[in-house]
Amino acid sequence: MLAVEYARKWAYGRNPAYFDFSDIGGDCTNFASQCLYAGSGIMNYTPLYGWFYISTNNRTPSWTGVNELYRFLIGNRAAGPQGVVVPLREIEPGDIVQLRFGNGDRFDHSPVVLSTGLGTPETIEVAAHSNDSSCRPLSSYAYRELRPIHIYNVGE
């Protein structure tokens, strides 16, 4: 799976084709979007509500924002990846599991699933940016809530 291969390759590095947002809000969703794009090969160039990255200043909020990526994936009915929230046990490699750390309703982190094991937080391994990691157990995060998003319409 191309998204997983990309995640493994760039988990501890930065692809020079993309800006590193680590110091200005975090790079996790930028990294997740790069992985999704590696798997799908298709961006959605709809202004404002699509999902694309041309440059640091020419991108949609969904490319780098946790909650904006969720809204795009769940609502997308056009070009590019689509998503559906599933039970954690149904998550697959290349999917995203968004995490909420605080008390509010906004989610904070978008790790990419590398492997699922038995489909439990202890056996699901993820890769992420900001606090760079690869093969990190999902259970190692101190999250309050998780949102497993199965990705489809990626052409793999």
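Two residues are in contact here if they have heavy atoms within 4.5 Å of each other. The model is predicted, so local features need pLDDT of at least 70 and side-chain atom pairs count only at pLDDT 80 or more, while totals for chains, interfaces and linings use all residues. Residues are numbered from 1 along each chain as its sequence is written, and side-chain values use heavy atoms, with hydrogens and water left out.

Start with two helices. Helices (H or I, at least four residues) and strands (E, at least two) are DSSP runs, numbered from the N terminus. Cys28, Thr29, Ser33 and Leu36 of helix 2 meet Val66, Leu69 and Leu73 of helix 4. By class, this contact has 5 nonpolar, 2 polar and no charged residues. Ala, Val, Leu, Ile, Met, Phe, Trp, Tyr, Cys and Pro count as nonpolar, Asp, Glu, Lys and Arg as charged, and the others, Gly among them, as polar. Helix 2 (residues 28-40) and helix 4 (residues 66-75) pack at an angle of about 30°, and their axes are 9 Å apart. That makes helix 2 roughly parallel to helix 4, a term for angles under 35 degrees. The axes are lines fitted to C-alpha atoms, for helices over the stretch in contact, and angles run from 0 to 180 degrees between N-to-C directions.

Next come the aromatic rings. Rings of Phe, Tyr and Trp (its six-membered ring) pair if their centres lie within 6.5 Å; planes under 30 degrees apart count as stacked, over 60 as edge-to-face and the rest as tilted. The whole structure holds 10 aromatic pairs. One of them is the tilted pair of Tyr6 and Trp10, at 6.3 Å centre to centre with 40° between the planes. Tyr6 and Trp10 are separated by about one helical turn because they lie 4 residues apart in helix 1 (residues 2-10). Both Tyr6 and Trp10 are buried, that is, under 20% relative accessible area (exposed is over 50%, partly exposed in between; 1.4 Å probe, protein chains only).

Tyr53 and Trp63 form another tilted pair, 5.8 Å centre to centre and with 40° between the planes. This pair links distant parts of the chain, with Tyr53 in strand 1 (residues 53-55) and Trp63 in helix 3 (residues 61-64), 10 residues apart. Tyr53 and Trp63 are both buried. They belong to one aromatic cluster with Tyr18, Tyr37, Trp51 and Phe72.

Finally, look at the backbone of Leu48, in the loop between helix 2 and strand 1. Its phi is near 65°, a positive value in a residue other than glycine. Leu48 counts as exposed because its relative accessibility is 54%.

Conventions:
Angles under 35 degrees count as roughly parallel, over 145 as roughly antiparallel, 65 to 115 as roughly perpendicular and the rest as oblique.
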